[in-house]
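Hi everyone, thanks for making time for this. I'd like to walk you through one protein model, and you are welcome to follow along on the screen.

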Amino acid sequence: MKHLPLAAALLALGAGGAGAHYGMIVPSDNMVSQEDGRSVALALSFSHPFEGRGMVLDRPEAFTVTHEGETVSLLEQLSQTTIMGAPGYEMSYPLDRPGTHVFAMTPAPYWEPEEDVFITHYTKTYVAAYGDDAGWDAELGLRTEIVPLSKPFALWAGNVFQGVVKLDGEPVPHAEVEVEYYDQQGDAQVPSDLMITQTIKADANGVFTYAAPRQGWWGFAALSTAPEPMQREGVDKDHELGAVIWVRFEAWGR
C-alpha cells in the first residue's frame, strides 16, 4: 500500500490504519561512547511506528532503569511532550557507569474501543554505555517480557534477533509476536499494507527469531491475554498483555 504517498496510504487504510500500536521507548542512542556525551535522551510513547501516528500515552504507572541488578524509578523525572502528534513523555538520563542500562515502562491500561479490550504494553529497551555490554541479557521480572537471546544492540541490518517470550516468569509456547519498523524518516515503502506489521510465532519453548531487513528501530510485541479480565462499566473485558522490546539494527559500514 505504501507505493502511494504516506498521506494517501493512510486514507486508503482508513482511520484505524493497518499497523499495530506499540508501547515505545526510543533512546537517542543505544550504544553510547565517551565521545557521544554522558547522557541519553529517551522518548516514551504509545504509537503506530510505521505510520508515524501517535496515540495518547497517559502517565505511566512505572518507568525504571536497571543496571547491574539494581532497579531505580525514573517516573518523577519524566516530562510531558508531543511525539508523533500525540501526548508522550521524555527525559534525559545521565550515564554515570559503564554497562547495560535497561529502561522499562509499565503504562496504565489503555481502553481500545475498536478491539473491545484493555491493552497494557510492558515496554523496554537496552542501552550499552562506554563499550561495556555486561547485562545485555538482563531479565526484569515484568508481568510479561521478551528476554533477549541475541544481544539487543550492536546488530547489523540482516542479523537475526532472538528472544524468549515470558508471561508470569514462564515461557509462552507458540506466542504470537508482531514486528514493526519505526519509519522515522517517512520513506519506507511496502507493496501491501499486510507487510506493515509482520507476524511470527515462537516455538514450543517461547523462542522466536527475526532478521531485520533494514537499519533502524524495530519493535517486537508478544501478545497474550491475561487470565483475569478487567471491568468496563460493569462488564468483563479481555486484557491484552504485550511484552514489547525495541531493538536497533545498524547499517553495514556505519
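I'll go from the core to the aromatic rings, then to the open and closed spaces, and finish with a few single residues. Please keep in mind that this is a predicted model.

Let's begin inside. In soluble globular proteins, nonpolar side chains tend to be buried together. Here the largest nonpolar core has 35 residues. Which of them touch the most other members? They are I146, F161, V165, V177, F208, W218 and F220. If you want to find the core by its strands, look at β9, β11, β14, β16, β18, β19 and β21, the elements that each give it two or more residues. Strand β21, which runs over 235-250, makes the largest contribution, with five residues. There is also a second core, separate from that one, with 24 residues, and I25, L44, F103 and I119 are among them.

Let me zoom in on V165 for a moment. What does V165 contact, if we leave aside neighbours within four places in sequence? The list is E145, I146, E170, P171, V172, A175, V177, G206, F208 and A222. You may recognise I146, V177 and F208 from the core list a minute ago.

Now to the aromatic rings. The model has 13 aromatic pairs. A pair of aromatic rings is described by the distance of the centres and the angle of the planes. Take Y210 and W218: the ring centres are 5.7 Å apart and the planes meet at 50°, so this pair is tilted. Are these two residues buried or exposed? Both Y210 and W218 are buried.

Y210 also pairs with F220. Here the centres are 5.8 Å apart and the planes are at 75°, which makes the pair edge-to-face, because an angle over 60 degrees falls in that class. Y210 belongs to strand β18 and F220 to strand β19, so the pair ties together parts that lie ten residues apart in sequence. Y210 has 9% relative accessibility and therefore counts as buried, and F220, at 0%, is buried as well. Stepping back, one aromatic cluster is formed by F161, Y181, F208, Y210, W218 and F220.

Two of those cluster members turn up again when we look at pockets. The second largest pocket has a volume of about 210 Å³. Of its 13 lining residues, the ones nearest the centre are F50, Y181, V190, P213 and W218. What kinds of residue make up that lining? Ten are nonpolar, two are polar and one is charged.

Closed spaces come next. How many cavities of 30 Å³ or more are there? There are two. The largest has a volume of about 100 Å³. Its lining consists of F46, V56, L57, D58, P107, A108, P109, Y110, I119, T120 and H121. Strand β11 supplies the largest share of that lining, three residues. By class, the lining has eight nonpolar residues, two polar ones and one charged one.

Now for some single residues, starting with M24 in strand β1, residues 22-27. Its relative accessible area is 0%, so M24 is buried. Along the chain, M24 and W246 are 222 residues apart, yet their C-alpha atoms are separated by 7.2 Å. W246 is also one of the residues M24 touches beyond four places in sequence, along with others including L44, M84, M105 and Y182.

For contrast, look at D238 in strand β21. With 46% relative accessibility, D238 counts as partly exposed. Its contacts, again leaving out neighbours within four places, are V117, F118 and T225. D238 and E76 are 162 residues apart in sequence, and their C-alpha atoms are 30 Å apart in space.

Last, a pair of backbone details. D168 is not a glycine, but it has a positive phi of about 55°. It lies in the loop between β14 and β15. H174 also has a positive phi, near 55°, and is likewise a residue other than glycine. Its place is the loop between β15 and β16. Both count as partly exposed, D168 at 47% relative accessibility and H174 at 48%.

That's my tour. Thanks for listening, and I'm happy to go back to any part of it.

Methods:
Residues numbered from 1 in each chain as written. Predicted model: local features only at pLDDT ≥ 70, side-chain atom pairs only at ≥ 80, totals over all residues. Heavy atoms only, no water. Core = buried A, V, L, I, M, F, W, Y, C linked by side-chain atoms within 4.5 Å. Buried < 20%, exposed > 50% of the residue type's maximum accessible area, 1.4 Å probe, protein only. Helix = DSSP H or I, 4+ residues; strand = E, 2+ residues; numbered from the N terminus. Contact = heavy atoms within 4.5 Å. Phe/Tyr/Trp six-rings, centres within 6.5 Å; stacked < 30°, edge-to-face > 60°. 1 Å grid on protein atoms, 1.4 Å probe; cavity = no way out; pocket = protein on both sides within 12 Å on 5 of 7 lines; lining within 4 Å. Points joined across faces, edges and corners; volume = space filled by probe spheres on them. Nonpolar A, V, L, I, M, F, W, Y, C, P; charged D, E, K, R; others polar.
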